[in-house]
Amino acid sequence: MLSFWDRVNNWYFISISGILILALIFFCFLDKGKKGKPEFYLPFCLIILTVFYEYLAAVTVEFKEVNKWLYQVFNYPYENNYNLWVYNFFGAHLTSLLFLVLIYQYLFSPLKKRIVKGLSLLFIISYVVFQVLGIESLFEQQAYSILVGDSAVIIACGLYFMELISHPDYLDINPIKAFSFWQVTAILFNDILKFLLEISFNYIISISMSLMASLYIISMITWVLVLCSFLVPIILNTRFFAPKELSYE
C-alpha cells in the first residue's frame with residue numbers, strides 16, 4: 001500500500017498544487033468587481049475543489065479510520081474501495097454541477113439558459129432517485145449518475161457552441177480570443193473522455209489493464225488542461241496586465 005507521500009509525490013499532484021498556488025496569488029490581485037463575477041470565481045472554486053478532493057482521496061486511503069466511520073454512519077458494509085465516495089461526490093457530481101453553472105453564465109439565449117437549468121435539475125433528481133431506490137450507492141461505482149452528469153455537461157457545451165456561431169453578442173468576438181471558448185472546449189473534451197471511459201470500462205479492463213491505465217493518464221492530462229484554461233483568464237485580468245482584447249464572455 002502506497003503511503004500518503006508516495007501518492008501525492010507525482011507530476012499530477014505537483015501540477016494541480018502549482019495551479020492552485022498561482023490561482024490563490026493572482027485571484028487576490030483581481031479587481032474587486034471581477035472577483036464577484038461568476039466567470040472568475042466559479043473557475044477559481046473549481047480549482048480549489050479539485051485540489052481538495054484529490055488530497056482528500058489520498059488522505060482517506062492512508063487513514064482508513066475516516067472511511068470506516070463514514071461507512072458506519074451510512075450503515076454500509078466496509079470494503080476496500082476506500083475513497084471512491086470522494087471521487088463520486090466531489091470529483092464527478094459536484095464538479096459536473098459547477099460546470100453546468102459556469103456554462104450557464106456564458107449563454108445569452110433565455111431558451112438555452114432554461115435548457116441548462118433543466119439539465120441541472122434532471123441530474124440532481126436522477127441522482128437522488130438512484131440513491132433512494134438503492135440503484136446506486138455513494139461507496140460504489142456510480143456509472144448511471146456519472147453518465148447523466150457527463151451527458152448534461154456535453155449537451156450544455158453543445159448549446160454554448162451553437163450560440164457562439166449564431167448569437168449577435170458572440171458574432172463580434174473572435175472565438176480564439178474568448179476565454180469561454182477555451183474553457184468550454186477543454187470541459188467538452190474532458191467529459192467526452194470520461195463518458196467513453198464509463199461506458200467502456202468493463203470492456204477495456206477485460207482487454208488490457210495497461211490500456212486503461214494509459215487512458216486514465218490521458219484523462220489526468222486533460223483535467224490539468226481544464227484547470228489551466230481556468231487559471232489563465234484569472235492571471236490575464238489582474239492589475240499586472242493591461243486590458244486585453246481577450247474576452248471572458
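Q: Which residues in α10 do Gly91, Ala92, Phe99, Leu102 and Ile103 in α6 meet?
A: Keep in mind that this is a predicted model. Helix α6 covers residues 84-105 and helix α10 covers residues 179-207, and their axes come within 12 Å. On the α10 side, the residues that Gly91, Ala92, Phe99, Leu102 and Ile103 meet are Gln183, Val184, Ile187, Asn190, Asp191 and Lys194.

Q: How do the residues of the contact of α6 with α10 divide into nonpolar, polar and charged?
A: Let's stay with that pair of helices. The α6 side includes Phe99 and Leu102, while the α10 side includes Asp191 and Lys194. Sorted by type, the contact has 6 nonpolar, 3 polar and 2 charged residues.

Q: At roughly what angle do the axes of helix α6 and helix α10 cross, and is the crossing left-handed or right-handed?
A: The two axes come within 12 Å and cross at roughly 150°. As for the hand of the crossing, α6 passes α10 in a way that is left-handed.

Q: Which residues touch the most other members of the largest nonpolar core?
A: In soluble globular proteins, nonpolar side chains tend to be buried together. Here the largest nonpolar core has 61 residues. The ones touching the most other members are Ile47, Phe99, Tyr160, Ile187 and Phe230.

Q: Which helix gives the most to this core?
A: Plenty of helices chip in: α2, α4, α5, α6, α7, α8, α10 and α11 each supply at least two residues. The top contributor gives 10 residues, and that helix is α4.

Q: Which residues does isoleucine 47 touch, not counting residues up to four places away in sequence?
A: Ile47 is one of the core residues that touch the most other members. Skip its sequence neighbours up to four places away, and the residues it touches are Ile19, Leu20, Ala23, Leu227, Phe230 and Leu231.

Q: How many residues are in the other core that lies apart from it?
A: This second core includes Leu193, Ile204, Met212 and Leu215. Its full count of residues is 5.

Q: Are tryptophan 11 and tyrosine 12 stacked or edge-to-face?
A: A search of the whole structure finds 14 aromatic pairs, and these two residues make one such pair. Their ring centres sit 5.9 Å apart, with 80° between the planes. Planes over 60 degrees apart fall in one named class, so the pair is edge-to-face.

Q: Why do the rings of phenylalanine 27 and phenylalanine 44 count as stacked?
A: Phenylalanine 27 is in helix α2 and phenylalanine 44 is in helix α4, 17 residues apart, so to speak linking distant parts of the chain. The ring centres are 4.1 Å apart. The pair is stacked because the planes are at 5°.

Q: Is phenylalanine 27 buried or exposed?
A: Buried means under 20% relative accessible area. Phenylalanine 27 has 12%, so phenylalanine 27 is buried.

Q: Is tryptophan 11 buried or partly exposed?
A: Its pair partner, tyrosine 12, has a relative accessible area of 5% and is buried. Tryptophan 11 has 41%, so tryptophan 11 is partly exposed.

Q: How far apart in space are isoleucine 221 and tryptophan 11, C-alpha to C-alpha?
A: Isoleucine 221 lies in helix α11 and is partly exposed at 40% relative accessibility. It is 210 residues from tryptophan 11 in sequence. In space, C-alpha to C-alpha, the separation is 10.0 Å.

Q: Which residues does valine 226 touch, not counting residues up to four places away in sequence?
A: Valine 226 is also placed in a helix, α11. At 0% relative accessibility, valine 226 counts as buried. Its contacts are Phe99, Ala186, Ile187 and Asn190.

Q: Where is glutamine 142, and is it buried or exposed?
A: Glutamine 142 sits in the loop between α7 and α8. There it touches Asn88, His93, Tyr127, Gln131, Glu136 and Ser137, leaving out residues up to four places away in sequence. With 0% relative accessibility, glutamine 142 counts as buried.

Q: Which residues does serine 109 touch, not counting residues up to four places away in sequence?
A: Serine 109 is found in the loop between α6 and α7. Its relative accessibility is 14%, so serine 109 counts as buried. The residues it touches are Glu163 and His167.

Definitions and conventions. Residues numbered from 1 in each chain as written. Predicted model: local features only at pLDDT ≥ 70, side-chain atom pairs only at ≥ 80, totals over all residues. Heavy atoms only, no water. Axes fitted to C-alpha atoms, helices over the stretch in contact; angles between N-to-C directions. Helix = DSSP H or I, 4+ residues; strand = E, 2+ residues; numbered from the N terminus. Left-handed = near helix turned anticlockwise from the far one by under 90°. Contact = heavy atoms within 4.5 Å. Nonpolar A, V, L, I, M, F, W, Y, C, P; charged D, E, K, R; others polar. Core = buried A, V, L, I, M, F, W, Y, C linked by side-chain atoms within 4.5 Å. Buried < 20%, exposed > 50% of the residue type's maximum accessible area, 1.4 Å probe, protein only. Phe/Tyr/Trp six-rings, centres within 6.5 Å; stacked < 30°, edge-to-face > 60°.
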